[in-house]
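Let's take a walk through this fold together, starting with the sheet and working out to the helices around it. Keep the viewer open as you read.

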Amino acid sequence: MIAVARKTVLLPALLIVMLTMAIGSGVLAGMPFLHWSKADVFDAHTGYRIASFRAELPSAVSGGSLVDIDALEAMIAQDKPLLIDVVSAGTSLSEWFRDWLRGHPPERKQIAGSIWLPRLGEGKLSQQEAGDQKRQLLILTTGSLDQPMVFYCLSNCWVSWNAARRAVSFGFRKVFWYRDGIEVWLDAGLPVQDAPHSPIKLPQHTIPSRASTK
């Protein structure tokens, strides 16, 4: 009786864990009953993605340039772009279960030389929050709007699309979107570094005078 009781308890719990992880990883995204309407996932006023971030991506970002892994590798060697990792700082329920089952969270990786700015790709930011994000980018570029910058997150993740689009709205003129994400970079065996445990904190000093929105 004890063995039967344990199976009765463990089986539903295991099914819940598996279903949660499947939803979080996007496995069920193609099922019709889980489709979101456009009004649900995009802000009607700004056009930023605000929900269901792990989904099939577009092939372009307005005002920016799409860059694949080969082009990005060459760009890093030649142009020294600013590499912006915008992976969300939050933990989903499926990720929490995964880490609980493993006993500890795995070390997250990012492209070598990257800076982690997770809020830049959020769907909704207040005017003040958006201003803070623009100020951070201007500090990193020492006020230049022509510094090449590359935005990326995970594969099939709209957060990097949001971030690239937002940088364009800030007036930056050389914005690149690495749509494939960190997984493809890792699979290719290209240089990575351990991601920090918290986002970078930049000094709140005055932006260099050469910053311009022209």
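In what order do the five strands of the open sheet stand? Reading across, the order is E1-E6-E5-E2-E4, and the pairing is parallel. The two edges are taken by strand E1 (65-66) and strand E4 (115-116); each has a single partner strand, so one side of each is left without a neighbour in the sheet.

Before going further, a word on confidence. What you're looking at is a predicted model, with a mean pLDDT of 80 for the protein chain and 68% of its residues at 70 or more. Over residues 1-9 the pLDDT drops below 50, and this stretch has one contact in the model beyond near neighbours in sequence. Residues 22-36 are also below 50, though here the model has twelve contacts beyond near neighbours in sequence.

Now zoom in on E2, which covers residues 82-85. E2 has E4 as a parallel partner over two bridges, and E2 also pairs with E5, again in the parallel sense, over four bridges. If you want to find the register, look for a few pairs. On the E4 side, isoleucine 84 stands opposite isoleucine 115, and aspartate 85 is opposite tryptophan 116. On the E5 side, leucine 82 has methionine 149 as its bridge partner.

Which way do the side chains of E2 point? Leu82 and Ile84 go one way, Leu83 and Asp85 go the other, and all of them are buried. Ile84 is a good one to click on. Leaving out residues up to four places away in sequence, isoleucine 84 touches Ile115, Leu117, Leu120, Leu137, Leu140, Val150, Phe151 and Tyr152.

That brings us to the packing. The largest nonpolar core has 47 residues, and those touching the most other members are Ile84, Leu120, Leu137, Phe151, Phe172 and Tyr178. Several elements give two or more residues to this core: helix H3 (69-79), E2, E4, helix H5 (127-140), strand E5 (149-152), helix H6 (159-169), strand E6 (175-177) and helix H7 (182-187). The largest share comes from H6, with five residues.

So what does H6 look like up close? Eight of its eleven residues are buried, so H6 is largely enclosed by the rest of the structure. The buried ones are Val159, Ser160, Trp161, Asn162, Ala163, Ala164, Arg166 and Ala167, and the buried residues of this helix pack against H5, E5 and E6. Take serine 160 as an example from H6. Serine 160 has a relative accessible area of 0%, so it counts as buried. Apart from neighbours within four places in sequence, serine 160 is in contact with Val86, Phe151, Tyr152, Cys153 and Trp177. Just after H6 comes glycine 171, with a positive phi of about 105 degrees.

H3 makes a nice contrast to look at next. Which residues of H3 are buried? They are Ile69, Leu72 and Met75. These buried residues span an arc of only 120 degrees around the axis, which puts them on the same side of H3. The spacing is worth a thought here: an α-helix has 3.6 residues a turn, so residues three or four places apart point the same way. The buried residues of H3 pack against E2, strand E3 (109-111), E5, E6 and H7. Turn the helix around, and the face away from the buried side carries the exposed residues Asp70, Ala77 and Gln78.

Let's stay with Asp70 for a moment. Is aspartate 70, in helix H3, buried or exposed? With 55% relative accessibility, aspartate 70 counts as exposed, because the cut-off for that label is over 50%. Aspartate 70 also has a part in how the helix begins: aspartate 68 caps the N-terminal end of H3, with a side-chain oxygen 3.3 Å from the backbone nitrogen of aspartate 70. Then look at tryptophan 185. In sequence, aspartate 70 and tryptophan 185 are 115 residues apart, yet in space they are 9.9 Å apart, C-alpha to C-alpha. At the other end, H3 is followed by lysine 80, which has a positive phi near 50 degrees.

Methods
Residues numbered from 1 in each chain as written. Heavy atoms only, no water. pLDDT = per-residue confidence, 0-100. Contact = heavy atoms within 4.5 Å. Pairing = 2+ DSSP bridges. Core = buried A, V, L, I, M, F, W, Y, C linked by side-chain atoms within 4.5 Å. Buried < 20%, exposed > 50% of the residue type's maximum accessible area, 1.4 Å probe, protein only. Arc of directions from axis to C-beta. Polar contact = N/O pair within 3.5 Å; in protein donor to acceptor, adjacent residues only side chain to side chain.
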